[in-house]
Amino acid sequence: METILELKNISKKFKQQIALDNVNLTIKKGDIYGLIGRNGAGKTTLLKIITSLSKQTSGTIQLFGSNNQKQFINALHRTGSVIETPVAYDNLSAKENLIYYSKLRGVVDNEDIDKMLELVDLANVGKKKSKHFSLGMKQKLGIAIALLSKPDFLILDEPINGLDPIAIVEFRELLKKLNKELNITILISSHILTELYHVANRFGILNQGTLIEELSKEEFEALSRHMITLQIEDTAKTSQLLEQYSINDFKVISGSEINIYDETVEVSQLVRLLSDENIKINGIYKSGVDLESHFKSLVDGEYNQTQMEGF
Ligand SMILES: Nc1ncnc2c1ncn2[C@@H]1O[C@H](COP(=O)(O)OP(=O)(O)OP(=O)(O)O)[C@@H](O)[C@H]1O
């Protein structure tokens, strides 16, 4: 899969303050990459560096495989972004804003503008000035402006911030549509993990300027699953027994431990099964980690694993 963005050892210092510390990150074509971090983690600084609004103190950026400054600038033309302040003009309507920006960028095509308004669901707002738009509408207009030059890569800084729940759902649908139908790779930041969880396929967790973890959606899903951990002496016999009782969603972790992910299985049922077969149980407990807890554990060093039953 083509690499769209590769950051190598990106660092940024503001006088004595280190805002980014050796960030390495790769985004592949087709990704919706969620960059998660608390306020002040360095998200905006990183996105500004990628889009050349700010210069890194050290490290390299490859955008669409660029190997020099000229190629990087060309690659930037394939990138659209909405970072920090909304760019729309308050006294212009959605359509007038798009006409203004398309003229500015030399890409005037009224048909395209109408399509764009339709795409972001602003086709019916008529002459309403953008200063009277809701936050969600302003965000959509910002995206429409960024899409005017038909980018292959879209960078959005906290676009979900402050939206109401319905606007969040609509916004996620829009991002999925851009990704699936227009093949746009997306980098999106947020300080709320669950906001990105439903839309992104890969995640990077930024904490105090350091990218502390990169995870795929599947890895996150595996983490958030609830499970029963069995500590027994005979994992082979236990595995056979589980299968015999159609409990197939389990994993042998070591010679003495099995994790069972099937949420319909009860601890008491397992104890009975194993006792009937004279399999010695050294320990059995239920555990689970939700996403926000995992995020918190990474940034705070606390791990919210609950031991509910054990002996
Ligand atoms: N121009 C600047 N001068 C000095 N320090 C800065 C500047 N821009 C950012 N910083 C500092 O760098 C750190 C990272 O800031 P940044 O805005 O990138 O974080 P963020 O993750 O985007 O946070 P938020 O979610 O609050 O926008 C912060 O400590 C911030 O104070």
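In what sense do strand S8 and S9 pair, and over how many bridges? Select residues 202–207 for strand S8 and 210–216 for strand S9. The two pair in the antiparallel sense, over six bridges. To see one of those pairings, pick leucine 206: its bridge partner in S9 is leucine 211. Keep in mind as you go that this is a predicted model.

**Stop 1: the six-stranded sheet**

Now widen the view. S8 and S9 belong to an open sheet of six strands, in the order S5-S6-S7-S3-S8-S9, and the pairing is mixed. S5 and S9 are the edge strands, each pairing on one side only. Neighbouring strands here are turned by 15° against each other on average, direction ignored. Strands of a sheet pair through backbone hydrogen bonds, either parallel or antiparallel.

**Stop 2: helices on this sheet**

Select 135–147 to bring up helix H5. H5 lies across S5 and strand S6 (153–156), and runs at about 160° to S5. Next, add helix H6, residues 165–181. H6 packs on the sheet too, where it touches strand S3 (32–36), S6 and strand S7 (185–190). The direction of H6 makes about 155° with that of S7.

Stay with H5 for a moment. At 1.5 Å a residue, its 13 residues should span 18 Å, and the end C-alpha atoms are indeed 18 Å apart, so the two agree. Is H5 largely enclosed or largely open? Of its 13 residues, 10 are buried, so the helix is largely enclosed by the rest of the structure. Among the buried ones, try colouring Gly136, Leu141, Ile143, Ala144, Ile145 and Leu147; Lys138 and Lys140 are buried as well. What covers them includes strand S5 (79–82), helix H3 (94–104), helix H4 (110–119) and H6.

**Stop 3: the three-stranded sheet**

Move to the other sheet on this tour. Three strands make an open sheet in the order S2-S1-S4, with antiparallel pairing. S2 and strand S4 (58–63) stand at its edges with a single partner strand each, so one side of each has no neighbour in the sheet. Neighbouring strands are turned by 15° against each other on average, direction ignored.

Select residues 3–14 for strand S1, which is joined to S4 by five bridges. Lysine 8 makes a good landmark, standing opposite threonine 60 in S4. Helix H1 lies across S1, S2 and S4, running at about 120° to S1.

**Stop 4: around the ligand**

Which element gives the most to the shell around the ligand? It is H1, with three residues. Helix H1 (43–50) and strand S2 (17–28) each supply at least two residues of the shell. Show the surrounding residues: Phe14, Gln17, Ala19, Gly37, Asn39, Gly40, Ala41, Gly42, Lys43, Thr44, Thr45 and His191. By kind, they divide into three nonpolar, eight polar and one charged.

**Stop 5: two asparagines to inspect**

Most residues other than glycine have a negative phi, and most peptide bonds are trans. Asparagine 22, in strand S2, has a positive phi, near 50°. With 15 C-beta neighbours inside 10 Å, asparagine 22 counts as partly exposed.

For the last selection, go to asparagine 278, in the loop between helix H10 (267–276) and strand S13 (281–287). Its phi is also positive, near 55°. Asparagine 278 is exposed, with 8 other C-beta atoms within 10 Å.

Terms used
Residues are numbered from 1 along each chain as its sequence is written. This is a predicted model: local features need pLDDT of at least 70, side-chain atom pairs count only at pLDDT 80 or more; totals for chains, interfaces and linings use all residues. A residue is near a molecule or strand if its C-beta atom, placed from the backbone, lies within 6 Å of it. Helices (H or I, at least four residues) and strands (E, at least two) are DSSP runs, numbered from the N terminus. Ala, Val, Leu, Ile, Met, Phe, Trp, Tyr, Cys and Pro count as nonpolar, Asp, Glu, Lys and Arg as charged, and the others, Gly among them, as polar. The expected span of a helix is 1.5 Å times one less than its number of residues. A residue is buried if 20 or more other C-beta atoms lie within 10 Å of its own, exposed if 12 or fewer, and partly exposed in between; C-beta atoms are placed from the backbone. Two residues are in contact if their C-beta atoms, placed from the backbone, lie within 7 Å. Two strands pair if DSSP finds at least two bridges between them. Axes are lines fitted to C-alpha atoms, for helices over the stretch in contact, and angles run from 0 to 180 degrees between N-to-C directions.
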